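Dear colleague,

I am passing on the structure we spoke about, and I would be glad if you could look through it with the notes below beside you. They begin with the core and then move on to the chains and the place where they meet.

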Amino acid sequence: MCSTCGCGHPEVPSGTARHPHPEDVRRVAVERSILEENDRHAEALRKRLAERGIEAIGLLGGPGAGKTTLLEATLDHLGAEAASQAAVEGDCAGDLDARRVAARGARVVQVVTGAVCHLDAHLVGHALENLDLAGVSRLWIENVGNLVCPAPFACGETRRALLVSTAEGDDKPEKYPAMIAGADLLAITKIDLLPHVDFDPARCASAARTVKPGLPVIRLSARTGEGMDVWMKWVREGRA
Amino acid sequence: MHEAKICLSLIDLAETHLVRAGGERITAMRLEVGDLCGVIPEALEAAFPICAAGTRAENAALHIDRTSGRRLLLRDMEIL
């Protein structure tokens, strides 16, 4: 009980000469994004890469959507150009993806996130300290396989490709709208499995466009090569 | 569970503005959490007390306005 000033505040020990009273409460307007620090890092990274003529593309999707396989197929399509591609590979453990991508001729750095479920701009920025970017024209940022957590964290990419495989189900855009909202392209992967699964590409595309009108949706199979030309056009020109 | 990281960013941001305003501690914060921002309000509320322990936002009340869209904001706060 505050007996010094007699305000009756129950949490204030007696004898405390100065303590805040309810009437001292002030309201302060902030109106700032909680993610502004990460956004600032991401913007600085984007700028740094742009100054070097490097475009960064984010690859996102759940575990097993086919992100690494698509990157491998992309590097194969690029042929000699693969040497000008760099990649940041995000995984909770191990360097399997980094080794796969390196085997296709790209420069790679693996980010092991441990229990952390996504990459962020700070992690990517530090990862790039271990990557020689001389002669690199495109940086691939393969996020941790996850359809939830990477959504709010910009990583310095200029475009984000979101992958949903036919094996995962056509309901993914309805269930994970935040990932759709941040995507610049939806790639329906493993389209060669379509005869074997109950996946309606039209339903998937329409649900995605309900969240993000006008979102380009492409169908592809890195395994058979179907749709790779449309994908490569998006990679090179930014339109599908 | 990326909400713990979001909470730490929230507390950093709030403490920066607390110091700027010459206050001692934060008693309440009002957030805007959009349905497409990728953050779950309930998970944020669960992580907040743990993240706020020992900071100047300890015991602060969290008021969350749920909106549609991608915004994730600290709108205002009450300070002492």
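Which residues in the largest nonpolar core touch the most other members? Before the answer, please bear in mind that this is a predicted model. The core holds 86 residues, and those that touch the most other members are A:Leu162, A:Leu186, B:Ala14 and B:Leu74. Its largest share, seven residues, is supplied by helix H1 of chain B, which covers residues 3-20. As for B:Ala14, once its neighbours within four places in sequence are left aside, its contacts are B:Ile26, B:Met29, B:Ala57, B:Leu74 and B:Met77.

Chain A contains eight helices and eight strands. Its radius of gyration is 23 Å, whereas the globule rule gives 18 Å for 240 residues, and chain A is therefore more spread out than a compact globule. The C-alpha trace of chain A spans about 80 × 45 × 30 Å along its principal axes. Of the 240 residues in this chain, 41% are buried, and among its contacts with a separation of 6 or more, 68% are between residues 24 or more positions apart.

Chain B has two helices and three strands, which follow one another along the sequence in the pattern α-β-α-β-β. Here the radius of gyration is 12 Å, close to the 12 Å that the globule rule gives for 80 residues, so chain B is as compact as a globular protein of that length. Taken along the principal axes, the C-alpha atoms of chain B fill a box of roughly 35 × 20 × 15 Å. Buried residues account for 41% of the 80 in chain B, and of the contacts between residues at least 6 apart in sequence, 90% join residues at least 24 apart.

Turning to the interface, 24 residues of chain A are in contact with 26 residues of chain B. On the side of chain A that touches chain B, strand E1 (26-33), helix H1 (36-51) and helix H6 (177-181) each supply at least two residues, and E1(A) gives the most, with eight residues. Sorted by class, this side of chain A has 15 nonpolar, two polar and seven charged residues.

How is E1(A) joined to strand E3 of chain B, which covers residues 72-79? The two strands run antiparallel and are joined by six bridges. Within this pairing, A:Arg32 has B:Leu74 as its bridge partner, and A:Ala29 stands opposite B:Asp76. B:Leu74 is thus a residue to look at twice, as it is also among the core residues that touch the most other members.

The pairing across the chains belongs to an open sheet of four strands, in the order E1(A)-E3(B)-E1(B)-E2(B), with mixed pairing. E1 of chain A and strand E2 (61-67) of chain B are the edge strands, each pairing on one side only, and the twist averages 15 degrees from one strand to the next. Helix H1(B), which gives the core its largest share, lies across E1 of chain A together with strands E1 (26-34) and E3 of chain B, and runs at about 45 degrees to E3(B).

With best wishes

Key:
Residues are numbered from 1 along each chain as its sequence is written. Chains are lettered from A and ligands numbered from 1 in the order in which they are written. This is a predicted model: local features need pLDDT of at least 70, side-chain atom pairs count only at pLDDT 80 or more; totals for chains, interfaces and linings use all residues. A nonpolar core is a set of buried Ala, Val, Leu, Ile, Met, Phe, Trp, Tyr and Cys residues joined through C-beta atoms within 7 Å. A residue is buried if 20 or more other C-beta atoms lie within 10 Å of its own, exposed if 12 or fewer, and partly exposed in between; C-beta atoms are placed from the backbone. Two residues are in contact if their C-beta atoms, placed from the backbone, lie within 7 Å. The radius of gyration is taken over C-alpha atoms; the globule rule is 2.2 Å times the number of residues to the power 0.38. Ala, Val, Leu, Ile, Met, Phe, Trp, Tyr, Cys and Pro count as nonpolar, Asp, Glu, Lys and Arg as charged, and the others, Gly among them, as polar. Two strands pair if DSSP finds at least two bridges between them. Axes are lines fitted to C-alpha atoms, for helices over the stretch in contact, and angles run from 0 to 180 degrees between N-to-C directions.
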